[in-house]
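Open the structure in your viewer and keep the selection tool ready. We will go stop by stop.

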Amino acid sequence: MTTVLVVDDEQLLVKGLKRSLEQEGYKVLTAHDGFAAVEVFGNEKVDLIVLDIMLPGLNGLEVCSAVRREKNTPIIMLTAKGEDVDRIVGLELGADDYVVKPFNTRELIARIRAVLRRAQTGPREEDVDESWLQNRQLRHREVVSALAGSSTAGFHRLGDNERVMYVAVPVRQDKAVQGVVMLVVGVNDIYETLNQVAARMILVSVLSALLAAVLSLALAGVFTRPVNRLTRAVRHMEQGRLDQRVPTRSEDELGELARAFNSMSSRLEQTERHRREFIANASHELRSPLSSIKALSQALVDSGEKDPAMYREYLRDIDSEMDRLNRLVENLLQLARMEEQELQVHKEEQEVAGVVIHVADFMEPLAAARNVRLTTAVSGRPVWPLDRDLVIRVLFNLVDNAIRYTPAGGEVRIEAEVRRRELVLRVRDTGEGIPEADQEHVFDRFYRVDKARSMATGGTGLGLAIVRQAVGLHGGRITVESIPGKGTAFEICFPK
Ligand SMILES: Nc1ncnc2c1ncn2[C@@H]1O[C@H](COP(=O)(O)OP(=O)(O)OP(=O)(O)O)[C@@H](O)[C@H]1O
Ligand SMILES: [Mg+2]
């Protein structure tokens, strides 16, 4: 077994090194100062010395000289940075190699191996024993081909771990090959370095592959997350949950898609809310006259009264409720038709004055019955492309409102004029007016400012909703101005 003497005053370093070397199969002797080192060297068989320079007692350089006086035992010096390496390893002291502190144990072991190998394969002159060569024939491939005239090199394995390179070169005299010089060099160091490099490269490749995989997963996550969110939101909408919104932070195509999705879902949600409200309101409004009719007819059926006057009165009430129901159903149908865009608008050139007078004539009896003065004022003789039926329906509704919501003695006026290339129709009254807060809602379906009063006048709250829808279909717009207690003006503008 190869014996290594480790000399260093750092006890822990010696302890660690001893263990590593023993694991590599060396027998390890230790010394903590120069005198102890020389003593151990004198008493034991030592194959290699690992020697620190700064030692108590004899220093490393003195130990080295002492050893060299005795034997050629290989020495590896442990030097600190800045020490005169040439002097240590050079001829003066004759150390075989050196390692700079702090060192890597694996490197030290590699150097120990190399130095030992050199000591064995490259013996000093006085140790060379040539007897084994006598009377032997060298049949190595390299020798054979060098004898044939060409220099050759080859790698071989000696035993399990030893790799060597043979180089054979012919020696010529007068062109004839006289002999061969063969060189055998240990190449374990080179193989070891190659193996280390290969192992590092494998490690680096594996790590890079792992890193690439992790990075691509993370990147894929970044790109697919918004799409997944959108998909989830669509699934939820499919199940009727219309309140879905997705974040729209990015400015790219995905952000654009998310914004479009959000606006679509909020539109859908709004439409759905309107639909529910409409159904709730419609059924409520339909139920009111039906309940009255039911109550009245029930009273007739149950009463023992024989007086025909009473029957007539109740039947008259039922009749008026039936009218209200009829109007409600009629209005609902009209609205539905307009919303479904089933109603086609047929515009034809119309004399505006003719339309206005037609409406006034028709509404005159109602105005007279309520003691309201109905007047018209058309400036110029405008002719305009209008859907006559649609416009008459709009004006009926507006004038009907104006008469109903204007107290006796008041005035309702229908006006028409062309202003900035638009036809303006106006219905104004001197009635009760609409409070400011209600003005933006009067066009909503079923909206009535004073529910009790409107019920008494038979209003369904659909008139202005129909008006707005019709004006919209016709490509126009409607606005309201009203001062409570003074009067109201609805103004419609039809561009040409
Ligand atoms: N000229 C007006 N003056 C004062 N209030 C008005 C006038 N026009 C409309 N309103 C208010 O706006 C509400 C909505 O009007 P709308 O015509 O839509 O319904 P309605 O008249 O109640 O019923 P109907 O569907 O039978 O017309 C009315 O109930 C009323 O309170
Ligand atoms: Mg009305």
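Which strands does helix 10 (residues 352-369) lie across? Select helix 10: it lies across strand 10, strand 12 and strand 13, and runs at about 175° to strand 10. Helices (H or I, at least four residues) and strands (E, at least two) are DSSP runs, numbered from the N terminus. Axes are lines fitted to C-alpha atoms, for helices over the stretch in contact, and angles run from 0 to 180 degrees between N-to-C directions. Contact means that the C-beta atoms of two residues, placed from the backbone, lie within 7 Å.

This is a predicted model: local features need pLDDT of at least 70, side-chain atom pairs count only at pLDDT 80 or more, and totals for chains, interfaces and linings use all residues. Residues are numbered from 1 along each chain as its sequence is written, while chains are lettered from A and ligands numbered from 1 in the order in which they are written.

**The sheet under helix 10**

Select strands 10, 12, 13, 15 and 14. They form an open sheet in that order, with mixed pairing. Two strands pair if DSSP finds at least two bridges between them. Strand 10 (373-378) and strand 14 are the edge strands, each pairing on one side only. Now pick strand 12 (residues 411-419) and strand 13 (residues 422-429). Eight bridges pair them in the antiparallel sense. Glu-415 stands opposite Arg-426 in strand 13.

**Helix 14**

Next, select residues 463-473. Nine of the 11 residues of this helix are buried, so helix 14 is largely enclosed by the rest of the structure. Buried means 20 or more other C-beta atoms within 10 Å of the residue's own, with C-beta atoms placed from the backbone; exposed means 12 or fewer, and partly exposed lies in between. The buried residues include Gly-463 and Val-471. They pack against helix 9 (308-339), helix 11 (388-404), strand 14 (477-483) and strand 15 (487-495).

**Ligand 1**

Stay here and show ligand 1. Helix 11 and helix 14 each supply at least two residues of its shell. Of the 24 residues around ligand 1, Asn-401, Arg-448, Val-449, Gly-459 and Gly-463 come nearest. A residue counts as near if its C-beta atom, placed from the backbone, lies within 6 Å.

**The parallel sheet**

Finally, select strands 1 to 5. They make an open sheet of five strands, ordered 2-1-3-4-5, with parallel pairing. Strand 2 (27-31) and strand 5 (97-100) stand at the edges with a single partner strand each, so one side of each has no neighbour in the sheet.
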